[in-house]
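Hi,

Here is the structure I said I would pass on to you. Have a look, then read my notes underneath.

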Amino acid sequence: MSELRFDNQVVVVTGAGGGLGKAYALFFASRGASVVVNDLGGSHKGEGQSSKAADVVVDEIRAAGGKAVANYDSVENGEGIIDTAIKNFGRVDVLLNNAGILRDVSFKNMKDEDWDLINRVHTYGAYKCARAAWPHFRKQKYGRVINTASAAGLFGSFGQANYSAAKLGQVGFTETLAKEGAKYNIIANVIAPIAASRMTATVMPPDVLENLKPDWVVPLVAALVHSSNTTESGGIYEVGGGHVAKLRWERAKGALLKTDDSLTPGALARKWNDVNDFSKPEYPTGPADFMGFLEDGLKMPSAPKGEEPDFKDRVALV
Ligand code: NAI
């Protein structure tokens, strides 16, 4: 058995000065890759900056005989980060969009500044880095991207409306990159990790964190960005604490209604069970066939009129 290698490849890791990013950087360097260790070096709330975080990781990689170079830009300057890869190593093969911050506050007290900063780092930053790498990926007909979502984005999380919105945004972003990249052998996947870091130290107790090593997220990321993965793209993965699982959408049976003026709230209420019927689910990878539904809907008899149910005091339709 041989180990998964990344010789002659250039891996850019954003936010690689600590937590998950550091674990990625150390791993890929140990497997032969040249690594750009990007980190702005600020606080977990996005305040300040320092070259120290990235330098420490670069020193550790070099001391172990690996190849790495530091970059201290904010991910908002994606061009600068990708430029560091090109200038030092001549190419870029893998982009791990990992940098992140938190500005947790209840929605009632959220300020524009909290919303904007989160979106600048997570949404705009991931976009800028991928946008700068994209022409290289297309030209060489090879590229691998990991974007970083979060359970907060997938399921919502108290005090994290800004972060949740940005993190679910990574899912849509990744799905589109996977589609646009397919022709050029560019593979993009998105992970919702859970791991001990200075970020999770603010919300989880130490005994739980002990069992959530960042190193345990690395194997999934490594497998997805390896050249041997030519098919798994656009995947959403939960990963942490030794557990790895793919997530997907589920669509209920759904209701079809006659598309004329009998399509009223009452007509919908009568079919509300079908709207919510998951007994025979579909697992869609694209939107429903609305044109087909429209055609079928037109052929149906009109719904009976004048039978609006009493909606008063009803929480749900049924
Ligand atoms: P961390 O705080 O240990 O690491 C994030 C790194 O990103 C820091 O070193 C920070 O300096 C850097 N960074 C922040 N803003 C930056 C910017 N504008 N430009 C460049 N670097 C910047 O956090 P952790 O836990 O390792 O998080 C990594 C990613 O995983 C983040 O995107 C986070 O949102 C996500 N995540 C982590 C979870 C966890 O359980 N640790 C859960 C869900 C998502």
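How much of the chain over residues 9–197 is helix and how much is strand? Over that stretch the chain is 48% helix and 17% strand, and the end C-alpha atoms sit 27 Å apart. Helices (H or I, at least four residues) and strands (E, at least two) are DSSP runs, numbered from the N terminus. An unreviewed UniProt entry annotates residues 9–197 as "domain: Ketoreductase"; such annotations may be inferred rather than shown by experiment.

Two things to know: this is a predicted model, where local features need pLDDT of at least 70, side-chain atom pairs count only at pLDDT 80 or more, and totals for chains, interfaces and linings use all residues. Residues are numbered from 1 along each chain as its sequence is written.

Now the ligand. It is surrounded by 32 residues (C-beta atom, placed from the backbone, within 6 Å), and the closest are G15, G19, A99, G100 and S197. Helix 1 (19–30) gives the most to this shell, with three residues.

Helix 1 also packs with helix 2 (residues 52–63): their axes, lines fitted to C-alpha atoms over the stretch in contact, come within 10 Å and cross at roughly 25°. That makes the two helices roughly parallel (angles under 35 degrees between N-to-C directions, on a scale from 0 to 180). K22, A25, L26 and A29 in helix 1 meet V57, E60 and I61 in helix 2, with contact meaning C-beta atoms, placed from the backbone, within 7 Å.

Cheers

How values were computed
Angles under 35 degrees count as roughly parallel, over 145 as roughly antiparallel, 65 to 115 as roughly perpendicular and the rest as oblique. Two residues are in contact if their C-beta atoms, placed from the backbone, lie within 7 Å.
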